[in-house]
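Please open the model in a viewer and follow the stops below in order. Each stop names what to select and then describes what is found there.

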Amino acid sequence: MILQEMSWEEVEAYLETRDDAVLPVGSTEQHGPIGLIGTDALCATAVAEGAAAQAGAIMLPPVAYTPAPFNMAFPGTISVSETTFSALLSDIIAALASQGFRRLYVLNGHGANLAPLRALADTAPLSMRIRSWWDYPDTNALRQSLYRDWEGMHATPSEIAITQARHRRIERAPLPAPRALDAAFRAAHAGDRHGPPDEHRAEFPCGRVGSWSELARPEHGADLLSLAIREAAADMQDFAQLT
């Protein structure tokens with residue numbers, strides 16, 4: 001049920017009985033010394049693919065070029081403006097709606113995507129449900145129990161654990177714990193509301209934002225991924241009105 005691996009006739013047959021699709025959305029940005037640049041897109045896609053398979057839904061190609069301006073001082077980050085991101089998503093949504101899709105489940109992996117996604121949902125010609133993979137209750141409870149305050153805000157051990165389980169583990173000399181973040185900082189910077197690129201890198205020179213990435217383990221990632229897939233699949237079926 002991966003759109004890129006389907007024919008148009010198979011999609012047409014799907015639309016005779018269902019009208020939902022799943023869209024993974026991530027980013028292309030640095031994730032600290034041991035985090036993969038594609039972490040957000042890789043996590044969102046892994047959860048979306050597994051959950052869509054369980055829910056019997058079509059999964060669309062991932063969107064990995066999204067807003068991440070604060071990380072542009074780190075090599076490898078590719079950020080697009082919110083205007084560009086919103087325009088691309090608007091065109092994707094319009095194409096789906098024109099063909100008979102009426103529901104779009106967005107599986108998100110990047111905090112800065114949330115505000116523009118929610119704005120799009122207000123005017124979209126189809127129904128949208130937006131979930132970040134860490135939103136699901138059991139998944140969130142596990143990541144909090146594993147890492148507590150060291151989950152932090154960026155280059156989190158939970159997302160890096162998932163990429164270690166599914167992709168690769170970068171071996172390097174371990175770094176000490178980063179600077180802990182207080183509640184005021186977390187509130188002020190929620191949704192990736194960080195400062196200009198040079199200032200952001202000066203404040204967090206290794207790329208971690210309160211996240212002790214080195215706590216990540218592949219076995220943690222496998223457990224987190226299994227939980228997130230199960231919870232996302234149930235939520236997708238509810239959204240598709242199959243339960």
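The tour begins with Asp20, which is found in strand 1 (residues 20–25). Please note that the model is a predicted one. With a relative accessible area of 4%, under the 20% cut-off, Asp20 is classed as buried. Display its side chain together with that of Arg18: the two side chains make a polar contact at 2.8 Å. Leaving aside residues up to four places away in sequence, Asp20 touches Tyr14, Ala57, Ile58, Phe101, Arg103 and Ala240.

**Strand 3**

Next, select Val106, whose place is in strand 3 (residues 103–108). Is Val106 buried or exposed? Val106 is buried, and its relative accessible area is 0%. To see what surrounds this residue, show Leu23, Val25, Leu117, Met128, Arg129, Ile130 and Arg131, which Val106 touches when residues up to four places away in sequence are not counted. For a distance across the model, pick the C-alpha atoms of Val106 and Pro69: they are separated by 22 Å, and the two residues are 37 residues apart along the chain.

**Helix 3 and helix 4**

Select residues 82–98, which form helix 3, and residues 114–123, which form helix 4. The two helices pack at an angle of about 40 degrees, and their axes are 10 Å apart. Helix 3 is therefore oblique to helix 4. The crossing of helix 3 past helix 4 is right-handed. Which residues make the contact? On the side of helix 3 they are Glu82, Phe85, Ser86, Leu89 and Ser90, while helix 4 contributes Pro116, Leu117 and Leu120. Coloured by class, this contact of helix 3 with helix 4 shows 5 nonpolar, 2 polar and 1 charged residues. Leu117 has appeared before on this tour, as one of the residues that Val106 touches.

**Helix 2 and helix 9**

Move on to helix 2 (residues 39–55) and helix 9 (218–239). Their axes come within 8 Å and cross at roughly 50 degrees, so helix 2 is oblique to helix 9. Helix 2 passes helix 9 in a right-handed crossing. In helix 2, show Ala46, Val47, Ala48, Gly50, Ala51, Ala52, Gln54 and Ala55; these meet Leu225, Ala228, Ile229, Arg230, Ala232, Ala233, Met236 and Gln237 in helix 9. By class, the residues of the contact of helix 2 with helix 9 comprise 12 nonpolar, 3 polar and 1 charged.

**Helix 5 and helix 9**

Keep helix 9 displayed and add helix 5 (residues 137–147). Here the helices pack at an angle of about 160 degrees, with 8 Å between their axes. That angle is over 145 degrees, which means that helix 5 counts as roughly antiparallel to helix 9. Helix 5 passes helix 9 in a left-handed crossing. From helix 5, the contact involves Pro137, Asp138, Thr139, Leu142, Arg143, Leu146 and Tyr147. From helix 9, it involves His220, Asp223, Leu224, Leu227, Ala228, Arg230 and Glu231. The contact of helix 5 with helix 9 divides into 7 nonpolar, 2 polar and 5 charged residues. Ala228 and Arg230 of helix 9 were also listed among the residues that meet helix 2.

**The loop between helix 5 and helix 6**

Follow the chain into the loop between helix 5 and helix 6 (157–166), where Arg148 lies. Most residues other than glycine have a negative phi. Arg148 is not a glycine, yet its phi is positive, at about 50 degrees. Arg148 is exposed, with a relative accessible area of 60%. Then select Ala155, found in the loop between helix 5 and helix 6. The phi of Ala155 is positive too, near 60 degrees. Ala155, however, counts as buried, at 0% relative accessibility.

**Helix 8 and the loop beyond**

Finally, select Pro197 in helix 8 (residues 197–203). Its relative accessibility of 28% makes Pro197 partly exposed. Apart from residues up to four places away in sequence, Pro197 touches Pro69, Phe70, Met72 and Ala73. The last stop is Glu214, in the loop between helix 8 and helix 9. Glu214 is buried, with a relative accessible area of 15%. Show Ile34, Pro174, Leu175 and Arg208 around Glu214: it touches these four, not counting residues up to four places away in sequence.

Definitions and conventions
Residues numbered from 1 in each chain as written. Predicted model: local features only at pLDDT ≥ 70, side-chain atom pairs only at ≥ 80, totals over all residues. Heavy atoms only, no water. Axes fitted to C-alpha atoms, helices over the stretch in contact; angles between N-to-C directions. Helix = DSSP H or I, 4+ residues; strand = E, 2+ residues; numbered from the N terminus. Parallel < 35°, antiparallel > 145°, perpendicular 65-115°, else oblique. Left-handed = near helix turned anticlockwise from the far one by under 90°. Contact = heavy atoms within 4.5 Å. Nonpolar A, V, L, I, M, F, W, Y, C, P; charged D, E, K, R; others polar. Buried < 20%, exposed > 50% of the residue type's maximum accessible area, 1.4 Å probe, protein only. Polar contact = N/O pair within 3.5 Å; in protein donor to acceptor, adjacent residues only side chain to side chain.
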